[in-house]
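Work through the exercises below with the sequence and the coordinates open. Each task is followed by a solution in steps.

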Amino acid sequence: MSVGLIEHPEFLKHDNGRGHPERPERLSAISAGVRELPFAADLVEMQTRNASRAELDLVHEPAYLDRLEESRTREVTIFDGDTRATRFSFDAALRAAGSAVSAVEESLKSEVRRSFVLNRPPGHHAEAARAMGFCLLNNAAIAAAAAVAHGGLDRVAIVDWDVHHGNGTAHTFASRSDVLYLSMHQSPHYPGTGQVHEIGSGAGAGHTVNIPLPAGCTDADYATVMDAIALPILREYAPQLIIVSAGFDAHRNDPLAGMLLTAEGFAALTRGLVGVADEFAEGRIVHVLEGGYDLNGLADGVCAVLSVLAGVDIDSHPGKARSNQPRPVVASAVSAVRAQHSEFWSMPDER
Ligand SMILES: [Zn+2]
């Protein structure tokens, strides 16, 4: 199975300043980990390009794009308390968004249907008209919108396992059914959106699936969420492409959140999604990096995902994670989501 990888020196040029957790070293740590993988030589180095203005226009408003482009002419442009651009950031963001688009294009026209885009700045908090939460351009949203507008697809699923809710992505597709957005995130937590009752509207009703989870969720808890909600809904939706907003800040060592996932937990999430991609989407699954701020946890998580994509991982606990009864606090979070979505999805529980 060919697994594609996108890396590019441009991504290292975006600089949030000293002490900021979203730093270029994140990508260096991942690269170092990936080079150590026994199958590293088999990974396919994919070409990238900048996103076009027409592609950015699918998600972002012209006035915001103009302002972002103007940041090229200033030393620093401040967007919010923790989001800024230097004169190099726009080019990094253009390349980050274009890389997500080109990985999707590759999945549609070549044998490299599984891939991981190791880009930054991240994207899922970026709204149509503003930068937010370390994010300038919404990479996953732009790639999904382009897959519909230019790739001829009408069922794209975005699965967002970053520990934060992807408010920008959710809002982009709230009224559409051709892109389903499913997020599992810590709540309450930044940015505060992603409550159970936010299900989309109009034609998009039921196609925004928010799964807010209490802090402290383990690999077993995430397995419960996958089995009881995510996988049944994805199978009913039958996506032609899965884009994963792959953040690793739900890792147990992450400094910005309180979840307890291990590398094995990220592998298990990937196994589930690859199964759906193989069954419905001719194997097309594109991972786009979002957050993840503990360098070792980040690198281990990405390597675990790549091992599953390459078909060389070993499930160290087959069936173990799902044999336990879910903790009551997780069971009640899961039933709230199932109840909220029962008019849209039948969600047979496959456990
Ligand atoms: Zn995050």
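## Exercise 1: the nonpolar core

Of the 110 residues in the largest nonpolar core, those that touch the most other members are F116, W161, M184, I243, F248, V302 and L306. Helix α7 (residues 219-237) makes the largest contribution to this core, with ten residues.

The model is predicted: local features need pLDDT of at least 70, side-chain atom pairs count only at pLDDT 80 or more, and totals for chains, interfaces and linings use all residues. Residues are numbered from 1 along each chain as its sequence is written, and side-chain values use heavy atoms, with hydrogens and water left out.

Task: state what the core is, then list which residues L306 touches, not counting residues up to four places away in sequence.

Solution.
1. A nonpolar core is a set of buried Ala, Val, Leu, Ile, Met, Phe, Trp, Tyr and Cys residues joined through side-chain atoms within 4.5 Å. Buried means under 20% relative accessible area, exposed over 50%, and partly exposed in between (1.4 Å probe, protein chains only).
2. A contact means heavy atoms within 4.5 Å. With residues up to four places away in sequence not counted, L306 touches V3, L5, V34, L37, F39 and F116.

## Exercise 2: the sheet

Task: give the order in which the eight strands form the open sheet, and find which are the edge strands.

Solution.
1. Helices (H or I, at least four residues) and strands (E, at least two) are DSSP runs, numbered from the N terminus. Two strands pair if DSSP finds at least two bridges between them.
2. The order is β2-β1-β5-β10-β9-β6-β7-β8, and the pairing is parallel. At the edges are β2 (44-45) and β8 (208-213), each of which pairs on one side only.
3. Start from β1 (residues 3-6). Two bridges join β1 to β2, and four join β1 to β5. G4 has V44 as its bridge partner in β2 and S115 as its bridge partner in β5.
4. Continue to β10 (residues 285-289), which is joined to β5 by four bridges. In β10, I285 is the bridge partner of R114.
5. For the side chains of β5 (residues 114-117), R114 and F116 point one way, S115 and V117 point the other way, and all are buried. In a regular strand the side chains alternate between the two faces of the sheet.

Task: decide whether the residues of β8 are buried or exposed.

Solution.
1. Six bridges join β7 (residues 179-186) to β8, with P212 in β8 as the bridge partner of H185.
2. On one side of β8, T208, N210 and P212 are buried, as are V209, I211 and L213 on the other.
3. Six of the six residues of β8 are buried, so β8 is largely enclosed by the rest of the structure.

## Exercise 3: the zinc ion

Task: name the protein donors of the zinc ion and classify their arrangement.

Solution.
1. Donors are N, O and S atoms within 2.8 Å of the metal (3.2 Å for Na, K and Ca); water is not among the atoms, so sites may look incomplete.
2. The protein donors are D162 (OD), D162 (OD), H164 (ND1) and D249 (OD), at 2.0 to 2.7 Å from the zinc ion.
3. Four donors count as tetrahedral if all angles lie between 85 and 135 degrees; four count as square planar and six as octahedral if opposite donors are over 155 degrees apart and all others between 65 and 115; anything else is irregular.
4. The four donor atoms subtend angles of 53 to 154°, so the arrangement is irregular.
5. Along the chain the donors have the spacing D-x1-H-x84-D. H164, in the loop between β6 (156-160) and α6 (167-172), and D249, in the loop between β9 (241-246) and α8 (263-280), are 85 residues apart and link distant parts of the chain. Both H164 and D249 are buried.

## Exercise 4: two buried polar side chains

Task: find which backbone atoms the side chains of H60 and T83 reach.

Solution.
1. A polar contact is a pair of N or O atoms within 3.5 Å; within protein, one must be able to donate a hydrogen and the other to accept it, and residues adjacent in sequence count only if both atoms are side-chain atoms.
2. H60 is in the loop between α2 (53-57) and α3 (62-70) and counts as buried because its relative accessibility is 3%. Its side chain reaches the backbone oxygen of E127 at 3.0 Å, and a polar atom of the H60 side chain lies 3.4 Å from the backbone oxygen of A128.
3. T83 is in strand β4 (residues 83-86) and is buried, with a relative accessible area of 2%. The T83 side chain reaches the backbone nitrogen of F134 at 2.9 Å. The side chains of T83 and D82 are joined by a polar contact of 3.3 Å.
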